[in-house]
Amino acid sequence: MKKLAFTFISLFFLLTACQANDPSASTLEDVLSSFEEQQLSLIKSKVNKDDNIFGMKLNGVRPSAYELDGKMLLVYIYDSNKERVEGLEDWREKTASMDTVSYNVYEVKNVLLFHVYEEEEKLNSEIDSKIQNVVNGLSR
């Protein structure tokens, strides 16, 4: 009887551990390809997580950092849409009492994007439109 219970428990853990992520989830490669399709050149960058609130872990995920037209672009890839929503909520909680520079946030499927620009600068509407096209392309 103990052997049978152990076998069922082992089988249960094995099956739950082998479950695949959301098959419609986007990967970092998908995101980067979409930016290329929109002719937006991304330069891999680093963000100092100690000096910059942008780049901190959100819901356990650290972003990939890029430069887009001289501005910071952060890409968070989560395992699911639900985790992405929780990541944005984490951002809102952590920054509720902070005065941040200007930024736009884009959400699609399991991807959270932050495009950061300085307050005194205006967001380039052409780039914003192309980022929105990236988001629209990933949503299919």
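These are my notebook entries on the rings, strands, cores and loops I looked up in this predicted model.

**Entry 1: aromatic pairs**

I began with the rings and found eight aromatic pairs in the structure. One of them joins Phe-54 and Trp-91, which form a tilted pair with 5.0 Å from centre to centre and 35° between the planes. I then looked up where the two partners sit: Phe-54 is in the loop between strand E1 (42-44) and strand E2 (64-68), while Trp-91 is in helix H3 (residues 81-95), so the pair ties together parts that are 37 residues apart in sequence. Phe-54 and Trp-91 are both buried.

Trp-91 also forms an aromatic pair with Tyr-103, and here I noted an edge-to-face arrangement, with 5.5 Å centre to centre and 85° between the planes. This pair, too, links distant parts of the chain, since Trp-91 belongs to helix H3 and Tyr-103 to strand E4 (residues 103-108), 12 residues apart. I checked the burial of each partner: Trp-91 has a relative accessible area of 2% and is therefore buried, whereas Tyr-103, at 27% relative accessibility, counts as partly exposed.

Following the ring pairs onward, I arrived at a cluster that links Phe-54, Tyr-76, Tyr-78, Trp-91, Tyr-103 and Phe-114. As a separate note on rings, I recorded that Lys-44 lies over the face of Tyr-66, at 4.9 Å from the ring centre.

**Entry 2: strand E5 and its partners**

Phe-114 took me to strand E5 (residues 111-116), where six of the six residues are buried. I sorted them by face: Val-111, Leu-113 and His-115 are on one side, Leu-112, Phe-114 and Val-116 are on the other, and both faces are covered.

I next asked which strands pair with E5. Strand E3 (residues 71-77) pairs with E5 in the antiparallel sense over six bridges, and in this pairing I found Leu-73 opposite His-115. E4 pairs with E5 in the antiparallel sense as well, over six bridges, with Tyr-106 standing opposite Leu-113.

E4 and E5 form a hairpin with two residues between them, and Lys-109 in the turn has a positive phi of about 45°, although Lys-109 is not a glycine. I also looked up its exposure and noted that Lys-109 is buried, with a relative accessible area of 19%, a value to be read against the cut-off of under 20% for buried residues.

**Entry 3: nonpolar cores**

The largest nonpolar core has 16 residues, and those that touch the most other members are Val-31, Phe-35, Leu-68, Val-75, Leu-113 and Ile-131. I traced the sources of this core and found that helix H2 (28-37), E2, E3, E4, E5 and helix H4 (125-138) each supply at least two residues, the largest share, five residues, coming from H4.

I took Val-75 as an example and listed its contacts, leaving aside neighbours within four places in sequence: they are Leu-28, Val-31, Pro-63, Ser-64, Tyr-66, Val-111, Leu-112 and Leu-113. Apart from the largest core lies another, of 13 residues, among them Val-61, Leu-88, Leu-112 and Val-116.

**Entry 4: helix H2**

For H2 I recorded Val-31, Ser-34 and Phe-35 as the buried residues. They cover an arc of only 100° around the axis, which puts them on the same side of H2. These buried residues pack against E1, E2, E3, E5 and H4. On the face turned away from the buried side I found the exposed residues Glu-29, Glu-36 and Glu-37. Gln-39, which follows H2, has a positive phi, near 60°.

**Entry 5: two loop residues**

I looked up Ser-26 in the loop between helix H1 (2-17) and H2, and found that Ser-26 is buried, with a relative accessible area of 6%. Not counting residues up to four places away in sequence, Ser-26 touches Ile-77, Lys-109, Asn-110, Val-111 and Leu-138, a list that includes the turn residue Lys-109 of Entry 2.

My last look-up was Asn-59, which lies in the loop between E1 and E2 and has a positive phi of about 55° although it is not a glycine. Asn-59 is partly exposed, with a relative accessible area of 28%.

How values were computed
Residues are numbered from 1 along each chain as its sequence is written. This is a predicted model: local features need pLDDT of at least 70, side-chain atom pairs count only at pLDDT 80 or more; totals for chains, interfaces and linings use all residues. Side-chain values use heavy atoms; hydrogens and water are left out. Rings of Phe, Tyr and Trp (its six-membered ring) pair if their centres lie within 6.5 Å; planes under 30 degrees apart count as stacked, over 60 as edge-to-face and the rest as tilted. Helices (H or I, at least four residues) and strands (E, at least two) are DSSP runs, numbered from the N terminus. Buried means under 20% relative accessible area, exposed over 50%, partly exposed in between (1.4 Å probe, protein chains only). A charge sits over a ring if NZ of Lys or CZ of Arg is within 6 Å of the ring centre and within 35 degrees of the ring normal. Two strands pair if DSSP finds at least two bridges between them. A nonpolar core is a set of buried Ala, Val, Leu, Ile, Met, Phe, Trp, Tyr and Cys residues joined through side-chain atoms within 4.5 Å. Contact means heavy atoms within 4.5 Å. The arc is that of the directions from the helix axis to the C-beta atoms.
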